[in-house]
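Here is a report on one protein chain. It starts inside the fold and works outward to the surface.

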Amino acid sequence: SKAEVYLQQNEQKHCLAFDGFYAAQEIVPPEEWDTFFMKMQEPLPVSFRLVQTAASHEVLKARVEEIMASPDVGGKLVSFPWYPGGGAYQLNCNKTEMRQNVKLRSFHEWLVKQSESCTVVRQELVSMIPALFANVEQHHMVLDLCAAPGSKTSQLLELLVGQRSKMGGTDPCPAGVVVANDLSAKRGYMLVSRLHHHATS
């Protein structure tokens, strides 16, 4: 099958136990498994969110709106109203296509710069959803396991601090806390590195 051929050619990239687990769940009919599996291998679109606790948040949001209206990016970049403050965006191409597209070079450079400045977080849209469903409040004690590389952890921190601001608090430190950890020491270092530069850490 196509799935078997793909696994043979990319055996170092996949955990057979992981693939076998999802196959055993029978979430799709057996005759559709190949199509489903190959769909999962397709590169995801570039997506990101603005760090809501960043001092430059409103300026960045205005800048993204300008980018969305530009002739080079216009129509390719969309926002999602379900995200608080409308600060979640997706480009209708994957990261390789973005890098290769000359018209998107300026946007790519901006995105890299903002990511390095921790004012923007590169995060898949589906990864942004769990923290929103947690309905975090300023006094909550949040436990985030398997937290690396830290995108959802930083999002939880932003929500925690954001709740403090909504309640009229002047102390930048909320009563609640986020405890994050990861089973892998290597990924744990990645988590610490990402959160070290985050405005709410």
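Gln-155 is buried, because its relative accessible area is 0%, and the cut-off for buried is under 20%. The model is predicted. Gln-155 sits in helix α8. Leaving aside residues up to four places away in sequence, Gln-155 touches Arg-49, Tyr-83, Gln-123, Ser-127, Met-128, Ala-131 and Leu-132.

One of these neighbours, Arg-49, has a charged partner. The side chains of Arg-49 and Glu-158 form a salt bridge, with 2.8 Å from N to O. This pair links distant parts of the chain: Arg-49 belongs to strand β1, Glu-158 to helix α8 (residues 151-166), and their positions lie 109 residues apart in the numbering. Are the two partners buried or exposed? Arg-49 counts as buried because its relative accessibility is 0%. Glu-158 also counts as buried, at 3% relative accessibility.

**Salt bridges**

Side chains of opposite charge can pair when their charged atoms come close. How many salt bridges does the structure hold? The total is 4. Among them are the three in this table.

| Pair | N to O distance | Relative accessibility |
|---|---|---|
| Arg-49 and Glu-158 | 2.8 Å | Arg-49 0%, Glu-158 3% |
| Glu-42 and Lys-39 | 3.2 Å | Glu-42 42%, Lys-39 54% |
| Arg-187 and Asp-182 | 3.8 Å | Arg-187 33%, Asp-182 13% |

Lys-39 counts as exposed, at 54% relative accessibility. Its partner Glu-42 is partly exposed, with 42%. In the bridge between Arg-187 and Asp-182, Arg-187 is partly exposed at 33%, whereas Asp-182 is buried at 13%.

**The antiparallel sheet**

Strands of a sheet pair through backbone hydrogen bonds, either parallel or antiparallel. Here, 4 strands make an open sheet, ordered β2-β3-β1-β4, with antiparallel pairing. Which strands lie at the edges? They are β2 (77-79) and β4 (120-122), each paired on one side only. On average, neighbouring strands of this sheet are turned by 25 degrees against each other, direction ignored.

At one edge, β2 is joined to β3 (residues 88-94) by 3 bridges, and these two strands run antiparallel. Leu-77 stands opposite Leu-91 of β3. Helix α4 (residues 57-69) lies across β1 (45-50), β2 and β3. Its direction is at about 135 degrees to β2.

**The parallel pair and its nonpolar patch**

Strands β5 and β6 run parallel and are joined by 4 bridges. Within this pairing, Leu-143 has Val-179 of β6 as its bridge partner. Leu-143 itself is found in β5.

In a regular strand the side chains alternate between the two faces of the sheet. β5 shows this alternation. Val-142 and Asp-144 point to one face and are buried. Met-141 and Leu-143 point to the other face and are not buried. Leu-143 counts as exposed because its relative accessibility is 59%, and the exposed class begins over 50%.

What forms the nonpolar patch on the surface? Its residues are Met-141, Leu-143, Leu-145, Val-177 and Val-179, with about 510 Å² of accessible area together. Both β5 (141-144) and β6 (177-180) supply at least two residues each.

Leu-145, another patch residue, is found in the loop between β5 and α8. Leu-145 is exposed, with a relative accessible area of 56%. The C-alpha atoms of Leu-145 and Asn-181 are separated by 5.3 Å, although these residues are 36 apart along the chain.

**The whole chain**

The protein has 9 helices and 6 strands. Of its 201 residues, 35% count as buried. Its exposed area is about 12600 Å², and carbon and sulfur atoms supply 57% of that. Among contacts between residues at least 6 apart in sequence, 68% join residues at least 24 apart. The link between Arg-49 in β1 and Glu-158 in α8 spans 109 residues.

Definitions and conventions: Residues are numbered from 1 along each chain as its sequence is written. This is a predicted model: local features need pLDDT of at least 70, side-chain atom pairs count only at pLDDT 80 or more; totals for chains, interfaces and linings use all residues. Side-chain values use heavy atoms; hydrogens and water are left out. Patches are made of residues with over 30% relative accessible area and no salt bridge: like charges are joined within 9 Å, nonpolar side chains (Val, Leu, Ile, Met, Phe, Trp, Tyr) within 5 Å. Accessible areas come from the Shrake-Rupley method with a 1.4 Å probe; for residues, only the protein chains shown count as cover. Buried means under 20% relative accessible area, exposed over 50%, partly exposed in between (1.4 Å probe, protein chains only). Two strands pair if DSSP finds at least two bridges between them. Axes are lines fitted to C-alpha atoms, for helices over the stretch in contact, and angles run from 0 to 180 degrees between N-to-C directions. Contact means heavy atoms within 4.5 Å.
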